[in-house]
Amino acid sequence: MNALSRLRIAIQKSGRLNSDSLELLSRCGLKLAASSNSLFNRVENLPIDILFVRDDDIPSLVRQGICDLGIVGENVLLEEFFSRETQDVTPEVDTVAQLGFSRCRLVLAFPFAKSFQGPASLQGLRIATSYPYLLRQYLRRAEVEAEVMTISGSVEIAPQLGMADVVCDLVSTGRTLKENNLKEVDELIQSQAVLIKTKVSWGPEKLESFAVLQGRMASILETAINT
Ligand code: PRT
Ligand code: ZN
C-alpha cells in the first residue's frame with residue numbers, strides 16, 4: 001500500500017491537545033510504531049499515519065488535503081476560518097465529531113475596577129488578544145471600533161504592563177484571569193477539541209480506513225456521553 005492510500009491524521013505535537021488526542025487514537029485501537037521521527041509516525045495495525053504539528057497549522061493542512069483528518073480546538077479552527085473570509089475557493093473542512101476534551105471559552109476580560117456595560121464599553125479601547133480575527137468579527141457585529149493588539153502569549157499581563165486596556169483570551173478554570181486582576185465580562189465562543197476531515201476526495205483505501213476509525217470513535221464518544 002503506497003503512502004497516498006494511507007490515511008494521514010494531523011495532531012498537536014506538544015501542548016494541551018497532545019495527550020488526549022493520542023489517548024483517543026489509542027482507544028480507537030491504533031498502535032503507533034516505535035519511531036525516532038517525532039514529526040511523523042506510522043500506525044502498525046491500520047493504513048494510517050500520524051503527523052505531529054503545531055495546532056495552528058492543522059486547519060490549513062486538512063483544508064488543503066495535505067492531511068486527511070486533524071484534531072484541533074474549535075477556537076483555532078474558527079480563527080483560521082475568519083482569517084480567510086475574503087479569500088479563496090479552496091474547500092472548507094468538515095467537522096466529523098466534537099471530542100469532549102480541551103474545553104475552554106474565548107472571553108473578554110476587564111480589570112476589576114473597569115466597568116463593562118455591553119460591547120459599547122469597548123469603544124476606543126486597546127484589546128490584547130491572540131485571536132484577532134474572532135475579536136474583529138465580534139467588534140464588527142457590535143458595531144464598535146477598538147484597537148486590536150495581537151500578541152501570541154501571556155495576554156493577561158498586557159493591561160498591567162500598560163500595553164492594552166482589556167484582553168480577549170481563552171479561559172478554562174478562570175484562575176489566570178483572577179491572578180491578573182481581571183474579570184470576565186463577555187463570551188465570544190465556547191470551544192472543545194474536534195475531529196476535522198478534508199473535503200478533498202479520497203480513494204477506496206482511505207474511505208475504508210476512515211469508516212473503521214469513525215465507527216470505533218463513535219462508540220467511544222457515545223460511551224463517554226452515557227457515563
Ligand atoms: O505549540 P502549539 O501552537 O501547538 O500550541 P499552543 O501553545 O498554541 O496551544 P496550547 O497547547 O496552549 O493549547 C491548545 C488548545 O487547548 C487551545 O487552542 C484550546 O483549544 C485548548 N485550551 C483549553 C486552552 C485552554 N483550555 C487554556 N486554558 N488553551 C489555552 N489556555 C490558556 C489560556 O490562553 C490562558 O492563558 O490557559 C490560560 C487560562 O487557563 P485558566 O485555567 O487559568 O482559565
Ligand atoms: Zn498554537
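Biologist: How do strands S4 and S11 pair, parallel or antiparallel, and over how many bridges?

Modeller: Bear in mind that this is a predicted model. To call two strands partners, you want at least two bridges between them. Here S4 and S11 are joined by five bridges and pair in the antiparallel sense. For a spot to click on, take Gly70, which stands opposite Ile196 in S11.

Biologist: And on S5, which residue stands opposite Leu195 of S11?

Modeller: That one is Ala97. S5 and S11 run antiparallel too, with five bridges joining them.

Biologist: Is S11 itself buried or exposed?

Modeller: The cut-off to keep in mind is that buried means under 20% relative accessible area. Six of the six residues of S11 are buried, so the strand is largely enclosed by the rest of the structure. Try looking at where the side chains go: Ala193, Leu195 and Lys197 point one way, Val194, Ile196 and Thr198 point the other way, and all are buried.

Biologist: Now zoom out for me. In what order do the strands of this sheet come?

Modeller: Read across the strands rather than along the chain. Six strands make an open sheet, and the order is S2-S3-S1-S4-S11-S5, with mixed pairing. S2 (40-42) and S5 (93-98) are at the edges; each has a single partner strand, so one side of each has no neighbour in the sheet. Going from one strand to the next, the twist averages 25°.

Biologist: How is S2 joined to S3?

Modeller: Three bridges do it, and S2 and S3 (residues 48-53) run antiparallel. Among the residues involved, Phe40 has Leu51 as its bridge partner in S3.

Biologist: Which strands does helix H1 touch?

Modeller: For packing, look for contacts, then for the angle. H1 (residues 18-27) packs on the sheet and touches S1 (7-12), S3 and S4 (69-73), with a direction about 150° from that of S1. H3 (residues 74-83) packs on the sheet as well, touching S4, S5 and S11 (193-198), and its direction makes about 100° with that of S4.

Biologist: How many residues of H3 are buried?

Modeller: Seven of its 10 residues, so to speak a mostly covered helix. They are Glu74, Asn75, Val76, Leu77, Glu79, Glu80 and Phe82.

Biologist: Let's pick one residue in the sheet. Is Ile50 buried or exposed?

Modeller: Start with its address: Ile50 sits in strand S3. Its relative accessibility is 0%, so Ile50 counts as buried. Then check who is around it. Setting aside neighbours within four places in sequence, Ile50 is in contact with Ile9, Ile11, Leu25, Leu30, Leu32, Leu39, Phe40, Asn41 and Val43. For a sense of scale, the C-alpha atoms of Ile50 and Leu134 are 29 Å apart, and the two are 84 residues apart along the chain.

Biologist: What about a loop residue? Where is Asn180 found?

Modeller: Asn180 is in the loop between helix H6 (175-179) and strand S10 (182-191). A loop position doesn't settle the exposure question, though, and you still have to check the area. With a relative accessible area of 14%, Asn180 is buried. Not counting residues up to four places away in sequence, Asn180 touches Glu156, Ile157 and Gln160.

Biologist: There's a ligand too. Which residues come nearest to ligand 1?

Modeller: List the surroundings, then hunt for polar pairs. There are 24 residues around ligand 1, and Arg54, Asn75, Thr173, Gly174 and Thr176 come nearest. You met Asn75 already as one of the buried residues of H3. Now for the distances. A side-chain N or O atom of Gln12 is 2.9 Å from an oxygen atom of ligand 1. A polar backbone atom of Arg16 lies 2.8 Å from an oxygen atom of the ligand. Asp56 brings a polar side-chain atom to 2.8 Å from an oxygen atom of ligand 1. Taken alone the ligand exposes 840 Å², and the protein buries 78% of that.

Biologist: Last one: how many helices and strands does the protein have?

Modeller: Seven helices and 11 strands. Of the 227 residues, 46% are buried. The C-alpha atoms fill a box of roughly 60 × 40 × 35 Å along the principal axes. Take the contacts with a separation of 6 or more: 68% of them are between residues 24 or more positions apart. As for the outside, the accessible surface is about 11900 Å², and carbon and sulfur atoms own 49% of it.

Methods: Residues numbered from 1 in each chain as written. Chains lettered and ligands numbered in written order. Predicted model: local features only at pLDDT ≥ 70, side-chain atom pairs only at ≥ 80, totals over all residues. Heavy atoms only, no water. Helix = DSSP H or I, 4+ residues; strand = E, 2+ residues; numbered from the N terminus. Axes fitted to C-alpha atoms, helices over the stretch in contact; angles between N-to-C directions. Contact = heavy atoms within 4.5 Å. Near = heavy atom within 4 Å. Polar contact = N/O pair within 3.5 Å; in protein donor to acceptor, adjacent residues only side chain to side chain. Areas by Shrake-Rupley, 256 points an atom, 1.4 Å probe, with all protein chains shown as cover. Buried < 20%, exposed > 50% of the residue type's maximum accessible area, 1.4 Å probe, protein only.
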